[in-house]
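Q: Hi! Could you walk me through this structure before I head back to the bench?

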Amino acid sequence: MPFEWSYFFSLFSIPAFWAACWTVVKLSSLAWLIGLLLGFALASAKQASSRWLSAPASLYVWFFRSVPLLVLLIFVYNLPQLVPASGKLLSNPFYAGLIALVLTEAAYMAEIHRGGLLSVAKGQREAARALGIGRLGAQRLIVVPQAFRIALPTLTNEYVTIVKLTSLVSVISLSELLLVGQRLYAQNFLVLETLGAVAVYYVLIVSLFGWGLQYLERHLDLARRKPGTLGEEQLAGLRRDLPAAASREVQARTPGTPAALHLSNIHKHYGNHHVLKGIDLSVQPGEVLSIIGPSGSGKTSLIRTINGLESIDEGEIVLFGESFIQAGDRPDNRRQRAGVRRIGMVFQNFNLFPHRTIADNVMLAPLHHGLGTRVELRRQALALLDKVGLLAHADKYPHQLSGGQQQRVAIARALAMKPQVMLFDEPTSALDPELVGDVLAVIRDLAREGMTMLIVTHEMDFALSISDRVLFMEDGHVQLDASPAAIRTGDHPRVRRFIGLENA
Ligand SMILES: Nc1ncnc2c1ncn2[C@@H]1O[C@H](COP(=O)(O)OP(=O)(O)OP(=O)(O)O)[C@@H](O)[C@H]1O
């Protein structure tokens, strides 16, 4: 029997098919959208620290990924036999189909979202926390946008899967494409022609929406965004409008003012590993301290405890005379968060927010904390970028900058919160040697301005030239706390050997 081409083509002008197309589009889009939201809630619950959230979410995902959609469809459609009150909704095959699809898809999409959430680096959350941004704010501004971009290609693919799965809803008599086709070939037996047309309708829907979602993907792909460097004329125009970047009050060292930081008897364990063994330390306003010592001596651990990124097991940290961190504190509590806002942190790996422009990175935290209007804060951000020599790059994304430039943006980002103390955790360790100088120059300028700073560094010449005091740490203890001059001239063979002032 020859293929009936004229009949095949006539199927594209049948209103029932176009109505079925619309049903498929509505059903798939709603199932995708609701599944997307529900899946995200499930993924977040699955990652929660509370078992009361993670256990039910895991159970849901496990169960609904295991049940075949066809079984679920028939079950949901027949549920009114068991729960008559549900009959109003579920006797409509569209809603019964939608509910079954959402139940299944939410389980799949939860796993896709979870993959996205897991791939957002830990440093992103830490950077948010160091800027005083709470857990919810960090999720909304930093984690979710990045996780969504990562998950989008797989989520797009899931839309295609849903469109095809809607053909199963024909078993509960929804007039979607397959059922319209089946009704036709049951009368005329032109099975191949009819199914051929049904296939074409599906391909049409998948292609149209697939292209739409691919366009969205491309639009969100940061690698494709390449804003240029601003020209001299633009820079001159911008500078005319900028406030001075004096971002904080210089702390006067007058007798009687409380120490900027006072650490007493700080102990820290990682499991059985005793990393900080009773650190006592006072830092006066405007003082610059460099912390040096062999690898594993506890330098990074110490600096991370000072802004609450690590908890302490014993001791207390007092900030400008006010209790800030105590052993046994609930992490990220209100008192700590208020203190953290007074401390700026610069990380070894910069931890810039890759989905935001450079200017947005700098203004994100002050905007979140309501420290000014968007216009004022953008001007302040541009002034800070000018201060660190990066105004021309304000509208670029972090991936367009060198490591040294990224680190200078990270310093500007920390300064935007007008901190009273700055912490630097090996700020130049991840940089090529030729990029180190510019970052150190920015830190040196801050020291000259009187910023209170603690700097973990392996740059010995820098540490000796910039610091009021150098702390030498070894095995969780501060072995020496002395001025650079005292280290140069004093009898400290171990430290002098470490610094390279004496041969081993
Ligand atoms: N999150 C962690 N979990 C378990 N152990 C850790 C953790 N962070 C650090 N440590 C351990 O604590 C010790 C001190 O680490 P820390 O990073 O503070 O040393 P450091 O002096 O900064 O070293 P480096 O100069 O190499 O960065 C090391 O032995 C390290 O392995």
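A: Happy to; we can start with the ligand and then look at some backbone angles.

A: This is a predicted model, where local features need pLDDT of at least 70, side-chain atom pairs count only at pLDDT 80 or more, and totals for chains, interfaces and linings use all residues. Residues are numbered from 1 along each chain as its sequence is written.

Q: Thanks! Which residues surround the ligand?

A: Tyr270, His273, Val275, Gly293, Ser295, Gly296, Ser297, Gly298, Lys299, Thr300 and Ser301 do. A residue belongs there if its C-beta atom, placed from the backbone, lies within 6 Å of the ligand.

Q: And which element gives the largest share of that shell?

A: Helix 12, with three residues. Strand 2 (273–283) and helix 12 (299–306) each supply at least two. Helices (H or I, at least four residues) and strands (E, at least two) are DSSP runs, numbered from the N terminus.

Q: How many of the shell residues are polar?

A: Eight, alongside two nonpolar and one charged. Here Ala, Val, Leu, Ile, Met, Phe, Trp, Tyr, Cys and Pro count as nonpolar, Asp, Glu, Lys and Arg as charged, and the others, Gly among them, as polar.

Q: New topic: what is the phi of Phe189?

A: Positive, about 60 degrees, although Phe189 is not a glycine. Phe189 sits in the loop between helix 9 (177–188) and helix 10 (191–220).

Q: Is Phe189 buried or exposed?

A: Phe189 is exposed, because 11 other C-beta atoms lie within 10 Å. The cut-offs are 20 or more for buried, 12 or fewer for exposed, and partly exposed in between, with C-beta atoms placed from the backbone.

Q: What about Asn265, where is that?

A: Asn265 is in strand 1 (residues 261–270), and has a positive phi of about 50 degrees without being a glycine. Asn265 counts as partly exposed because it has 14 C-beta neighbours inside 10 Å.
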